[in-house]
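Me: I would like a close look at a single part of this model. Please keep it brisk and stay with the coordinates.

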Amino acid sequence: MKDDNCIFCKIANGVIPSKTVYEDENFRIILDLGPAAKGHALVLPKEHYANLFDLPEDVAAAAFVTAKKAAGMIYKNLGADGLNIVQNNGAAAGQTVPHFHIHIIPRYENDGQKIGWVPGNPSDEELSGTLSEILAKA
Ligand code: 5GP
Ligand code: ZN
């Protein structure tokens, strides 16, 4: 299914042009217009899924395999020193476009980017409580 109001549906399906790194029947990988680093790319399924939770398992598997292939090409050909795979779900997690996508972000020594988090310091009891919450409804 495509969503007529979704910009990534339009880009993935070629209705809006993009700098395409890779395309097949199910995915298009494009250069991000606001890259965190040179070569920052986005893996877009051609079908509309808002986020990871809506994604069928076979599409999730194929998306990651596709991301791996493009990540290798980008990393090697741009001479990157590292690479982050990032995938945001929900506004609270930084998702701004509600069409599932995987970020491929090549990294360079001293590129000045910060992609990470502030580590917490939970007690063993807190970790056990978290684990019980997760598993209670599994
Ligand atoms: P999110 O924050 O949802 O995980 O990531 C959205 C990404 O899409 C951002 O990195 C943003 O720069 C990129 N982006 C938003 N609109 C466009 C567009 O029209 N074309 C391209 N190529 N990238 C876009
Ligand atoms: Zn869409």
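Is Lys 46 buried or exposed, and what is its relative accessible area? Please start there and work outwards.

Reply: This is a predicted model, and what follows describes that prediction. Lys 46 is buried, because its relative accessible area is 12%, under the 20% limit for that class.

Start with its charge partner. Lys 46 forms a salt bridge with Glu 23. The closest N and O atoms of that pair are 2.7 Å apart. Lys 46 sits in the loop between β3 and α2, while Glu 23 belongs to strand β1. The pair therefore ties together parts that are 23 residues apart in sequence.

Glu 23 has another partner. Arg 28 also forms a salt bridge with Glu 23, with the closest N and O atoms 3.2 Å apart. Together, Glu 23, Arg 28 and Lys 46 are linked in a network of salt bridges. Arg 28 counts as buried, at 10% relative accessibility. Glu 23 counts as partly exposed, at 42%.

The protein has three salt bridges by this rule. One of them joins Arg 107 to Asp 111, with the closest N and O atoms 2.8 Å apart. Arg 107 counts as buried at 18% relative accessibility. Asp 111 counts as partly exposed at 25%.

Now the metal site. The loop between β3 and α2, where Lys 46 lies, also holds His 48. His 48 is a donor to the zinc ion (ligand 2) through ND1. The other protein donors are Cys 6 (SG), Cys 9 (SG) and His 99 (ND1). The donors lie 2.0 to 2.3 Å from the zinc ion. Their angles at the metal run from 103 to 116°, which makes the arrangement tetrahedral. Along the sequence, the donor residues are spaced C-x2-C-x38-H-x50-H.

Cys 6 lies in the segment before α1 (7-12), and His 48 follows β3 (41-45) in the loop leading to α2 (57-77). This pair therefore ties together parts that are 42 residues apart in sequence. Both residues have little accessible area by the same rule: Cys 6 counts as buried at 7% relative accessibility, and His 48 is buried at 15%.

Next, the sheet. Five strands form an open sheet in the order β1-β2-β3-β5-β4, with antiparallel pairing. The edges are β1 (20-23) and β4 (82-86). Each has a single partner strand, so one side of each is left without a neighbour in the sheet. Glu 23 is in β1, so the salt bridge from Lys 46 reaches an edge strand. Neighbouring strands of this sheet are turned by 15° against each other on average, direction ignored.

Inside the sheet, β2 covers residues 27-31 and runs antiparallel to β3. Five bridges join the two strands. Arg 28 falls within the residue range of β2. Ile 30 stands opposite Leu 42 in β3.

Helix α2 is on the other side of the Lys 46 loop from β3 in sequence. This helix packs on the sheet and touches β1, β2, β3, β4 and β5 (102-107). Its direction makes about 20° with that of β5.

One residue shows the packing in detail. Ile 74 lies in helix α2. Ile 74 is buried, with a relative accessible area of 7%. Beyond residues up to four places away in sequence, Ile 74 touches Gly 39, Ala 41, Gly 79, Ile 104 and Pro 106. Ala 41 falls in the range of β3, whereas Ile 104 and Pro 106 fall in that of β5. A pair with a wide separation is Ile 74 and Ala 136: they are 62 residues apart in sequence and 41 Å apart in space, C-alpha to C-alpha.

Last, the whole protein. There are three helices and five strands. From the N terminus on, the elements run α-β-β-β-α-β-β-α. The C-alpha trace spans about 50 × 40 × 25 Å along its principal axes. Of the 138 residues, 34% count as buried, and Lys 46 belongs to the buried class. Among contacts between residues at least 6 apart in sequence, 54% join residues at least 24 apart.

Terms used: Residues numbered from 1 in each chain as written. Chains lettered and ligands numbered in written order. Predicted model: local features only at pLDDT ≥ 70, side-chain atom pairs only at ≥ 80, totals over all residues. Heavy atoms only, no water. Donors = N, O, S within 2.8 Å, 3.2 Å for Na, K, Ca; no water. Tetrahedral: all angles 85-135°; square planar, octahedral: opposite > 155°, others 65-115°. Helix = DSSP H or I, 4+ residues; strand = E, 2+ residues; numbered from the N terminus. Buried < 20%, exposed > 50% of the residue type's maximum accessible area, 1.4 Å probe, protein only. Contact = heavy atoms within 4.5 Å. Pairing = 2+ DSSP bridges. Axes fitted to C-alpha atoms, helices over the stretch in contact; angles between N-to-C directions. Salt bridge = Lys/Arg side-chain N within 4 Å of Asp/Glu carboxyl O.
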